[in-house]
Amino acid sequence: MFMYDQYLSHHANSEFEHFDLDDVDAAFDYQTVHQLKFQQNMKLSGKGEGLTITPFAAGHLIGGSIWRISTAVGEDVVYAVDYNHRKELHLNSTALAGLFSRPALMIADADSGQQQFVEKPRGPKLLDAVMATLRNDGSILMPVDTAGRVLELMLVLEKQWSTNRLSYPLALLTPVAYNTLEFAKSQLEWMNEQVAKEFESSKDKDNPFSMRYMKLCHTREELARLPQGPKLVLATLPSLQAGMARDLFMEWAPHPKNLILFTQQAEVGSLGEQLQAHSLQGHAPLTLQVPVSKRVPLEGAELVAHQEQKRKEKMGALQKTPSKPSEAASAEPLPTRHSSGSIAKLTRRLTSMSEGHSMEIDAAQALPVPQSGALIDGFTVPEGAAAAMFPFEDENDDLHWDEYGAALRPDEFQLKSASRPGGQLADDEEEEMDEAPVQLEAPSKIVVTNTTINMRARVACFDCQGKSDGRSIREILVQVAPQQLILIHAPPQVTLQPSAFEFELG
């Protein structure tokens, strides 16, 4: 879901060529990816002979894991990045301190242990900011990820709307909104026991992610059909570099009653990071020069030139493709084989049927039929046939009753379209078709314009990243007491001042 959303969001407003949807499917092919459950051991082979890997719940995302790598000599290496010691609405906390003791090496991340981009806690203060904005006739934009931390936010907001019976529109805006919820509904085994209890105790077996108040919107047009007025919209991407969150920000930023609410740290150098840094300086006025990209269809001379270029590329590819001689023509003649006559007894009307079939094939274009190497018994190869084939005969074509004695009526098995002129389907029949014809994407181009935004909307940041804080990380590491510790993802202040993470490991 993450990669699908990344591609669709960037492709909509840029010439994104790093990967496409086929590359995503190939990378996450279930035939090549081994799926493990928590605390399931997997012994490696080949270059990893003698190593055993085991995942443990990290408490950060669904399926997020802490990995233990055990060697043949009994030493353990623990890889613990992005874990959470706090229990949440849909995830259990990690049991890192109780699982490992004195591993030979531990690899942990340092960014969680440092001062985050916000100092405000999540929870009631976040909901207080939400309610204050809505009651002041303002709308709220929450840039979120695709299918990770957004699940916890959706449960928190759904509970708030349900408890207080709020009527403000609540929406999830992403191209994969429906798929995100469907995948979440099928992943209950990876969540905490409270989610499972709610599902089992419900009379109607309602899934916790069967949202009643949260509306799923895949396009801006679907969002516009919601009731007018204050609303809260969770939209991707959290960096505001692309996606519908960026489009909505361009529209809502100039209005002072609106709120841009960040729940996780944005990427370095992104528009989201710029806004987060500005929020820490107060509510001073801010003017932004933002490039706006839009994909528009080609027209006129540009469309003609594009079609001509595609035609030349196709002709060049055909010319480079070497022609391969027909295997039938190049193969050496094989002796003709004849059967003992048993097949001839089963052919019955095959010869007459093959002679009765008329095939409108140009003799000059027809491929030569190899007479040698074919089993000739009981039928004659039709003249002008593309290849030697046994004629087909349905042995049940003369049946008038089924095995229960009911009369067979062939007209009951005919398609309705067969009796329509031109073979056209009715509107209701077309809707019942499983697959619609594939529509090729029209040739288009990216048009970029620079827009000045007078930022008047308020910006707030709340830490909903689902990561342990610095104090908790120090306590956990002291309890685990690894013999050696490696810190990764260290920001510059940690690199320049390593004393920020210095403590006694025991």
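## Helices across the sheet

Helix α6 (residues 177-185) lies across β7 and β8, and its direction makes an angle of about 130° with β8. Here "lies across" rests on contact, meaning heavy atoms within 4.5 Å. Axes are lines fitted to C-alpha atoms, for helices over the stretch in contact, and angles run from 0 to 180 degrees between N-to-C directions. Helices (H or I, at least four residues) and strands (E, at least two) are DSSP runs, numbered from the N terminus. Helix α5 (residues 150-164) lies across β6 (140-143), β7 (170-173), β8 and β9 (232-235), running at about 165° to β9.

This is a predicted model, in which local features need pLDDT of at least 70 and side-chain atom pairs count only at pLDDT 80 or more, while totals for chains, interfaces and linings use all residues. Residues are numbered from 1 along each chain as its sequence is written, and side-chain values use heavy atoms, with hydrogens and water left out.

## The six-stranded sheet

The strands β8-β7-β9-β6-β10-β13, in this order, make an open sheet of six with parallel pairing. Because β8 (214-217) and β13 (458-461) stand at the edges with a single partner strand each, one side of each has no neighbour in the sheet. On average, neighbouring strands of this sheet are turned by 20° against each other, direction ignored.

At one edge, β10 (residues 259-262) pairs with β13 in the parallel sense over four bridges; two strands pair if DSSP finds at least two bridges between them. L259 stands opposite R458 in β13.

## Salt bridges

The structure holds nine salt bridges. A salt bridge is a side-chain nitrogen of Lys or Arg within 4 Å of a carboxyl oxygen of Asp or Glu. One of them joins D469 and R86, with the closest N and O atoms 3.5 Å apart. D469 lies in the loop between β13 and α16 (470-480) and R86 in the loop between β4 (76-80) and α3 (96-99), so this pair ties together parts that are 383 residues apart in sequence. D469 is partly exposed, at 31% relative accessible area, and R86 is partly exposed at 32%. The terms are set as follows: buried means under 20% relative accessible area, exposed over 50%, and partly exposed in between (1.4 Å probe, protein chains only).

E88 and R149 form another salt bridge (2.6 Å, N to O). E88 is in the loop between β4 and α3 and R149 in the loop between β6 and α5, so the pair ties together parts that are 61 residues apart in sequence. E88 is buried at 6% relative accessibility, and R149 is buried at 5%. In helix α11 (residues 300-320), E308 and R311 are three residues apart, or about one helical turn. Their salt bridge has its closest N and O atoms 2.6 Å apart.

## Backbone details

A cis peptide bond, with omega about 10°, joins T236 and L237. L237 lies in the loop between β9 and α9 (244-252).

R165 is not a glycine, yet has a positive phi of about 50°. R165 sits in the loop between α5 and β7 and is exposed, at 66% relative accessibility. A481, also not a glycine, has a positive phi of about 50°. A481 is found in the loop between α16 and β14 (485-488) and is buried, at 10% relative accessibility.
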